[in-house]
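The following exercises concern contacts between chains, domains and helices. Each task is followed by a solution in steps.

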Amino acid sequence: MHAPVRESYLNASVGIRSWLLTTDHKRIALLYFGGITFFFFVGGIAATLIRLELITPQGDLGSPDFYNRLFTMHGIIMVWFFLIPSIPTTMGNFILPMMIGARDLAFPRLNLLSWYLYIAGGLITLTALLLGGVDTGWTFYEPYSTFYATGYVILTVFGIFVSGFSSILTGLNFIVTVHKLRAPGMTWYRLPVFVWSTYATSVILVLATPVLAMTLLMLLAERVLHVGIFSPQLGGDPLLFQHMFWFYSHPAVYIMILPSMGVISEVVPVFSSKSLFGYYFVVWCSIAIAVIGFLVWGHHMFVAGQSLYASLAFSFLSYLVAVPSAIKVFNWVATMHEGWIRFDAPMLYAFGFIGLFTIGGLTGLMLAALAVDVHVTDTYFVVAHFHYIMVGGAVMGFFAGLHYWWPKISGRLYPDYWARFAAILAFFGFNLTFFPQFILGYLGMPRRYQSYPPEFQIWHVLSSAGASILAVGYALPIFYFAWSILRGPRAPANPWRATGLEWSTPSPPPPENFSTTPTVIRPPYQYDRGKPCMQAGDV
Amino acid sequence: MSEATSPRAIGIQYATLAQEREAVTLGMWAFLATEVLFFGALIAAYLNYRVWFGSDFIAAARMTKVVLGTANTAVLLTSSACMAMAVTTFEAGSKRAPVLWLAATALLGLAFVAIKATEWWLEYQERLVPALNFDLSRYGGIAEIFFVFYFCATGLHALHLLIGISLVSWLAIRIGNGSLVPGGSTTRLIGLYWHFVDIVWIFLFPLIYLAGRTT
Amino acid sequence: MHGFPWWPQAASGYARQINFLFGSLLVIAFLTAGLVFFLMLFFANKYRHGANVDRSGTTKKTWRFEVSWTVATLLVFVGLAVWGASTYVHLYNPPENALQIFVVGKQWMWKAQHPGGQREINELHVPVDQPVRLVLASQDVIHSFFIPALRIKQDVVPGRYETMWFRADRVGRYHLFCAEYCGTDHAKMGGWVTVMNPRDFASWLRAQGGQGTLAAQGQQLFHRYGCSGCHEAGGTVRAPNLNGLFGSPVPLSDGSVVIADASYVRDSILDPKKQVAAGYAPVMPTFAGQVSEDDLAKLVAYIQSIGPQPGGRA
Amino acid sequence: MSAATIWRCWLALILLLAATTASAFVPLGNFNLPVSLTIAVVKALIVLLFFMELRASRALVRAFAAAGFFWLLIMITLTGADYWHRTDARAPIDQTKPR
């Protein structure tokens, strides 16, 4: 009853070997998608247990040590095995080559190696967690993590070290691809903003991750060989570890948010049927975020004992890094002005992203004010701030991209009303979970506490209630995407009337993406009175 | 590192051979940028400690063998020159000359590792090796931290050098038996890698060996 | 304060300053977020797909509007940042006459030690309306001394002395937390800070019956560890006389001069060979490992008490 | 790149090596480190520009080469902002021995 099945990258070759040894960027994207979905739910289970524990003031869901391993597992899995790889390795791998009109990434075999490194790192860290986990927090602060921690620190740190190389190689692959494999006519200012954001993310991936690799190596040297690099017993300085760790970890949070910004910059113009406002501003703001992101890590250490001069410098620089993000938010909202706005699922996730990311960004500015930071750092205020950016921003952006490119990736449409319901549910569940934590934070409830004074309980109960709603909001897509694969209607080449190159090839795309390499004739997001003008001309 | 496809069958994603050559070169330079930051993190930590500890740290640096260090630097600089000769002669089309220059490069690399090994052995005798037999009471904690940096830096550098030596030997064999012909980028990339390892040592040498020589 | 607390107590002038600063940051953030939310929802509603409304692009938004809007918000926030920074610097210079309490963080407890020798665990009794200066040390991992009601927090890094000061101005009992993850019982490593009016505080001090002042205990230790053998007149070995030494410059054997402050005294006890006084042989044995952190504080207090009067800076 | 330039560069590198080692034994106070580092930078530039043929490469390749070193400078200067101005009382550690 379906049209004769056309040859696509999904059925071009069959069998496990064709998937596990593929060099097709689209298949590798799906392999990554499997990996990060698995780790998203592993981290999610840890989050659910934490929220269950915190309903009551006294610690009654297992021992304190169990709780410490829970939040550490939640942190490590979510940061390194879901948030950092999520958009670049799935949508970046799948969509970026198609957006620039290339047949594949610059180094396809390197791309497959990156996936194997990611899976190897993931399995090593997973075995460490199954054997008993780690109780150091995802930040591994010295001297606790090297001399006093009892968990499987060495195995976990080695797992992260291995998965770090997957990040480096993916970033390297994207940078060279964007430079060298653009289709004829695709100049830099005709690149869609998602390509720019992924390029800026790759710059951070390539330049920040090696420092993490060296930091983790030194931590391993200290713990395995009992030598003292940071150890105060020999006169070393634990703050040096924090400097080197945050030199990577703050740019890492920009690795997590920049791709989502790229997705939102794609979704908003398409569902407003109007060109993106201030393309040059948005593009150069992505690059500015990537560069200035490297200058601000000291704001994690205002109370850690760094010198007053450094704290003043980092506080001021942290206000500069907020400017590009503010400009981007302004441009997204200005894009909606005088548009034809449709409220499909991707657009609802985009609304959620803009709202929550704005709150996250502004609370970040509050944290950058030195005197306020002294009170609220290491409390639930910080927990709420980075969850607003990472869950409200990065994960909302990930779902927006997923719903936006799903027809192109799977060749099937999904039920729109269920998707819109999931987006709204996730938005309200999210706010009920994390807004009470801002209040808890200013009240002074510290982070990583299993038991807390009874007067904070009301907010924790609200937060846990919100978490259950959020969990449902995140679980729903599994069902309707599964339904979409099995019985969803076939998707046309351009279901959302978008203008990018990836929409001028059938979905799901053939193995070599384009029958003939397209020539690009106009910049992206060109609409005349709501009708899309395709970048590759009306082929 | 990146696959060096033989010049004829360029990857499906490339339109022309020049496009592939540039892409592969960019890829190599991006990889070298990550290595710069990988070693750079260690050097930045070293510089911070040197500023923060001051005289104790420099006192420890005085215990390194500056004569062997200088000899090693000379050996590595010469090997870099040999590598450059190998790349130029190979791209000029000759077959015997590059193999000889590559052999010289590998031999000089091995000489460097040999000198390094003797240096480590001397330091082992003087009980300066942290984790093995570092004499804490005699040298003090800050000296141990210096020597942890010393062994981390020189150890990682030696590891990268061994990788370089094996790459150079593999290259010499493939050029020797004719299976690698000019036109591709493999030789140039391995040359870039070797020169990079040399640059790391150019910066490590003054930081480790020349500190505190003016007592 | 059970039930529905949504704003923390403020027990010091500094805390109220922070409330004021945080409040203004909140207002500015609320306005900015409100503008973004309002514009987004307004456009979403007005320019719906079906709505036939004027989209002729008459109101040409140029980048000038965008630049001015961005610069305006940036200036407002930078103003608040400067205010935040100046309040932060205020934390860095404690008043001279502050009551100094020595606090040691150890895995999962805080040990406080008053100048009068009183000791308490996970508790801190301080007088009201008097500046109190805490000298913090850690014996194992990084902890963080956090009193929400006073809005102050300081990570305590082992191997270094951190200082922090406050002037509580409201009597009461406030929470004390450890804010930097330090292991299994990180959540239980806290307690109470009790601010008392001076009369109760004095009677509390007497009730504790401290074993004499820190300096007195230091003097006993000075003899018990054998320091008096060399350092007092008529000693068998030639060693520098410590009377009147504290706070004055000491010429060292390597030609440099250093002020005999608390760090110098502590260094000389635990690592004598590092900074040997000029004209003396480096024969003093090291006491590292024998003298505990608390005894160290007492010895320093004693040497400070026999320094030139009035007492030099600790 | 001709063999002659390679050996001229090699000679320059060896002379610079001699210079830097010699300068280490001249008491310049705290100028020793800056001098030896500048000589190291000059040697690195020789290797980068001539042996690695950056001189003949396109601007993009030169930008990639410079990026790594520039970001390293960011790290050194900003961590330096902390370590140059640290005024803490470093206490001899009386740490309880870890388990």
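The model is predicted, so local features need pLDDT of at least 70 and side-chain atom pairs count only at pLDDT 80 or more, while totals for chains, interfaces and linings use all residues. Residues are numbered from 1 along each chain as its sequence is written, and chains are lettered from A and ligands numbered from 1 in the order in which they are written.

**Exercise 1. Domains of chain C**

Determine how far apart the centres of domain 2 and domain 3 of chain C lie, and describe their contact.

Step 1. The domain assignment, automatic or from a database, divides chain C into domain 1 (10-33 + 68-90), domain 2 (99-208) and domain 3 (214-305).

Step 2. Taken over C-alpha atoms, the centres of domain 2 of chain C and domain 3 of chain C are separated by 28 Å.

Step 3. Residues are in contact if their C-beta atoms, placed from the backbone, lie within 7 Å. Domain 2 of chain C contributes seven residues to the contact and domain 3 of chain C five residues.

Step 4. For classification, Ala, Val, Leu, Ile, Met, Phe, Trp, Tyr, Cys and Pro count as nonpolar, Asp, Glu, Lys and Arg as charged, and the others, Gly among them, as polar. On the domain 2 side of chain C there are four nonpolar, three polar and no charged residues.

**Exercise 2. Contacts between chains**

Identify which of the five pairs of chains in contact shares the most contacts, and analyse its interface.

Step 1. The pair is chains A and C, with 70 residues from chain C and 67 residues from chain A.

Step 2. Helices (H or I, at least four residues) and strands (E, at least two) are DSSP runs, numbered from the N terminus. On the side of chain C that touches chain A, H2(C) supplies the largest share, 15 residues.

Step 3. By class, this side of chain C holds 42 nonpolar, 15 polar and 13 charged residues.

Step 4. By contrast, chain B and chain C have no contact, and their closest C-alpha atoms are 10 Å apart.

**Exercise 3. A helix pair in chain A**

Establish how the axes of H9(A) and H10(A) are oriented.

Step 1. Axes are lines fitted to C-alpha atoms, for helices over the stretch in contact, with angles from 0 to 180 degrees between N-to-C directions. The axes of H9(A) (residues 279-292) and H10(A) (residues 308-336) come within 9 Å and cross at roughly 155 degrees.

Step 2. H9(A) is therefore roughly antiparallel to H10(A), a term for angles over 145 degrees.

Step 3. The contact includes Phe281(A) and Ile289(A) of H9(A), and Leu320(A) and Lys328(A) of H10(A). Its residues comprise 10 nonpolar, two polar and one charged.

Terms used: Contact = placed C-beta atoms within 7 Å. Parallel < 35°, antiparallel > 145°, perpendicular 65-115°, else oblique.
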